[in-house]
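Colleague: I am new to this one. Please show it, and I will ask what lies behind the terms you use.

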Amino acid sequence: MAKKLDYGYCKAAPMLEWMGNKWALVVFLKVAEDGPVRFNGLYRTIPSVSEKVLSQVLRQLYTDGIIDRKLYPDVPPRVEYSVSEFGMTLLPHVRNLIGWGRDNFEIIMKNRQRAEHDT
């Protein structure tokens, strides 16, 4: 994660940090859609993400309690990721935000084109 925001100033800072990571929402939603899912399965379904970045994002989402990580004592060891009970409380809000983005996509693109034309 990048430089930390001031937690004393903004209680939403931890959430804003991982939402600001371009891969965090993608990983969260893929785990929600496909979970429980193993690392390689997740890696194959997200184009362009590197293994290192995927690992970092999973670690941060796990640390914050958004996803669960279950280690099976198989040989070789098997790890599965799923959305935690706490993460499930976030899921409807993320889906609403995505819905808003889809509903307003054309307006946003039109505004961007207008801004490019104005400069």
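Colleague: What makes a side chain positive or negative here, and how many of each are there?

Modeller: Lys and Arg count as positive, Asp and Glu as negative. By that count this predicted model has 17 positive and 14 negative side chains in the protein chain. The centres of the two sets lie 3 Å apart.

Colleague: How do you know how the radius of gyration of the protein chain stands against that of a compact globule?

Modeller: The rule is 2.2 Å times the number of residues to the power 0.38. For 119 residues that gives a value near 14 Å, but the protein chain has 17 Å. Along the principal axes, its C-alpha atoms fill a box of roughly 60 × 35 × 25 Å.

Colleague: Why are some residues called buried, and what percentage of the protein chain do they make up?

Modeller: A residue is called buried because its relative accessible area is under 20%. Such residues make up 25% of the 119 in the protein chain.

Colleague: What makes a set of residues a nonpolar core, and which residues touch the most other members of the largest one?

Modeller: Its members are buried residues of listed types, such as Val, Leu, Ile and Phe, joined through side-chain atoms within 4.5 Å. The largest core has 23 residues, and Val27, Phe28, Val31, Leu42, Leu58, Leu61 and Ile67 touch the most other members. Helix 2 (24-34) is one of the elements that supply at least two residues of this core, and its five residues are the largest share.

Colleague: Which residues count as contacts of Leu42, leaving aside neighbours within four places in sequence?

Modeller: Contact needs heavy atoms within 4.5 Å. Val27, Lys30, Val31, Val37, Leu54 and Leu58 are in contact with Leu42 on that basis.

Terms used. Residues numbered from 1 in each chain as written. Predicted model: local features only at pLDDT ≥ 70, side-chain atom pairs only at ≥ 80, totals over all residues. Heavy atoms only, no water. Buried < 20%, exposed > 50% of the residue type's maximum accessible area, 1.4 Å probe, protein only. Charge placed at Lys NZ, Arg CZ, Asp CG, Glu CD. Helix = DSSP H or I, 4+ residues; strand = E, 2+ residues; numbered from the N terminus.
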